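Me: Could you help me learn how to read a few features of a model? I'd like to start with what surrounds a ligand.

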Amino acid sequence: MHKSLERSRSSVSSTPTNAPEERHSVSDTFYTSQRKGSHVFRVRLDETGFTLERESPSGGTVKGQTVKICDIVGARCVRLKKSSRSLAGCACVNPGTPRATGGKRNTPSKCSIASREEYACNGGDASAYLYLFAYVLKKKSFRSSVHRERTVLTLRFRSFDSFEDNMKEAERWYRALCWQLQRTLEPIFVTPDAKRRRVLVLLNPKSGAGNAREVFNLQVVPVLNESEVPYDLFVTKHSNYALEFMGTRRLEDWCTIIAVGGDGLFHEIINGLLRREDWAKVMPAISLGIIPCGSGNGLARSIAHGYNEPYFSNPVLGASLTVISGRSSPMDMVRVQLQERVMYSFLSIGWGLISDVDIESECIRMFGYQRFTIWTLYRWANLRTYNGRISYLLAEPTAEQPAAKQSEELSRLQSSRSCNLHLDKLASDSYRRSSDLLPQEFEDVISLETSINQSFRSRCDSWLSGGSRRSCYYSISESIYHSLADESEFTQAANSDQELQYGPGSSLPPLDEPVPDHWQVEQGEFIMMHAIYQTHLGIDCHFAPKALLNDGKIYLILIRGGISRPHLLSFLYNMSTGTHLPEKNNEFVKVLPVRAFRLEPHDNQGIITIDGERVEFGPLQAEILPGIARVMVPK
Ligand SMILES: Nc1ncnc2c1ncn2[C@@H]1O[C@H](COP(=O)(O)OP(=O)(O)OP(=O)(O)O)[C@@H](O)[C@H]1O
């Protein structure tokens, strides 16, 4: 969608007042000229957004429309270039749209600004333009679901004879918009001089179908550019790259860390952060985001679900808007004590059926997300049971589990000693800004941009690349990272710390000591145990409908051996809609909101997963760390 309006020469009636909010509200009269006649619009920008009201010839309002401030991502002031050659790359020139000739100057089409400018520019046009980018919620028909649609609103300023004066006017509107947008951002996303702070992007080129790089360049970069969010991009080179990166780099320059990949990459990021000496300082100062490119994408789906953000129409667009929203929420994490090590988890811990499906179905990865359905049916037909003991501390106090005892245990959470003595040992050498990069190091960026398809190029306006505030660190091919730091030292630094305790400490007794008396116990044969703290395990698995990002609860879901196959099939089938859980716990299926639990398998082998990644088989215990991380959420 593209709307363009021209400012009338006759009306110069902005509304300067003294109140700060009012000073940043601007309004004026614009008009559109169409074949059927011209229309006059009153346009206002204030804290609610952009309001356009079409005037009737008698001066009343015929039609009004508001583009909400929460849907607007940014704007640009531009001058159209003079030569028709340079217009080929101009904003809104859609290669698929035939250009109007000079004689059609007053016939705006979807991308008509450029068409008219070609004529006008040749005649020495002094207009300045303000392009405003928004992603508005739309519903195509009664039956279709809501989706976001890109909208470009264009205001043309030509009241004055000189371009400079018109540009001043356009910039006044631009500044007002920036001010209004900035009001919607939380302070951690803004620099002292009122600019957007930088974000760090970690991209796993191997996640999901292996197209994370293309997804990022084609779908995420345009949104980052439109919103003028400066970013630094690192492409992971191997498994655990993100873990090492997060554990050893200086992070002060970044306010957000975006994982472009799957839940496995996000898991590495949080574990890297929590292995830092300064984790307690870093965690509240940084917000995490995810662009779903993996095969599971449970976290991205859970965040969208929690905020009613459309997901299926365009998951990457929704997630891109979320990571630039400037709004964050605390998120619970779970500390998991395994026999030999500690891990931190944001999604789930599994034993039995679902973990088997997750890991065993790797061999049919070529089926994409369908691999889970195929393998679930296979496992259902060849059902296994597992023997073990599960002890837990309920989240809601009961008669047997008094509240005082619970809070006493949870208040014992404390930070452990530092383990990361090498923190930033390498950072001062390896961290560089874009201006330091050699031209050939940018070639990758340029080629990636120019290899994009036509439909994208029409959106990736030429002035965006010219004025881009991006800097890129690509570790692909001739890695910049490699050229700046000795990797063996980097790896050594990370490995040497691996054995040490790090991150938030535990409030639980050691794994080899008995659980407290007031904990409850389930033991015997199980089909599965799955502990989850987000609503969705995957895009199509609404596993814990009541879970919230920050409710301080682990949802422990148990299925006992002896469950009938039709009952189990109905459970598995209904997982996609979240209707699989019984309203009241029964003999075979139990849902237990807990704060901590311990799993002691009695078999010698089996599969245990944490956030979908396989870990060593054996006893473990887990406890909730309420709101210890921050995640980006939709506006
Ligand atoms: N450059 C790389 N080469 C190989 N493996 C990598 C690389 N970067 C990261 N990895 C590993 O790939 C694993 C899976 O990545 P990721 O989670 O991004 O995708 P996925 O498994 O397809 O998605 P999901 O976890 O949602 O199912 C991670 O555990 C990470 O350790």
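Reply: Happy to! A residue is near a molecule or strand if its C-beta atom, placed from the backbone, lies within 6 Å of it. Of the 23 residues around the ligand here, Ser 207, Gly 261, Gly 262, Gly 264 and Gly 294 come nearest. This is a predicted model: local features need pLDDT of at least 70, side-chain atom pairs count only at pLDDT 80 or more, and totals for chains, interfaces and linings use all residues. Residues are numbered from 1 along each chain as its sequence is written.

Me: How do the residues of the shell around the ligand divide?

Reply: Ala, Val, Leu, Ile, Met, Phe, Trp, Tyr, Cys and Pro count as nonpolar, Asp, Glu, Lys and Arg as charged, and the others, Gly among them, as polar. The shell holds three nonpolar, 15 polar and five charged residues. Helix H7 gives the most to it, with four residues.

Me: How do I read the way H6 passes H7?

Reply: Two packed helices are described by the angle between their axes and the distance between the axes. The axes of H6 (residues 241-248) and H7 (residues 263-274) come within 7 Å and cross at roughly 25°. H6 and H7 are therefore roughly parallel to each other (angles under 35 degrees count as such).

Me: And Trp 254: buried or exposed?

Reply: A residue is buried if 20 or more other C-beta atoms lie within 10 Å of its own, exposed if 12 or fewer, and partly exposed in between. Trp 254 has 20 such neighbours, so Trp 254 counts as buried. The C-alpha atoms of Trp 254 and Val 199 are separated by 5.0 Å, though 55 residues apart along the chain.

Definitions and conventions. Axes fitted to C-alpha atoms, helices over the stretch in contact; angles between N-to-C directions. Helix = DSSP H or I, 4+ residues; strand = E, 2+ residues; numbered from the N terminus. Parallel < 35°, antiparallel > 145°, perpendicular 65-115°, else oblique.
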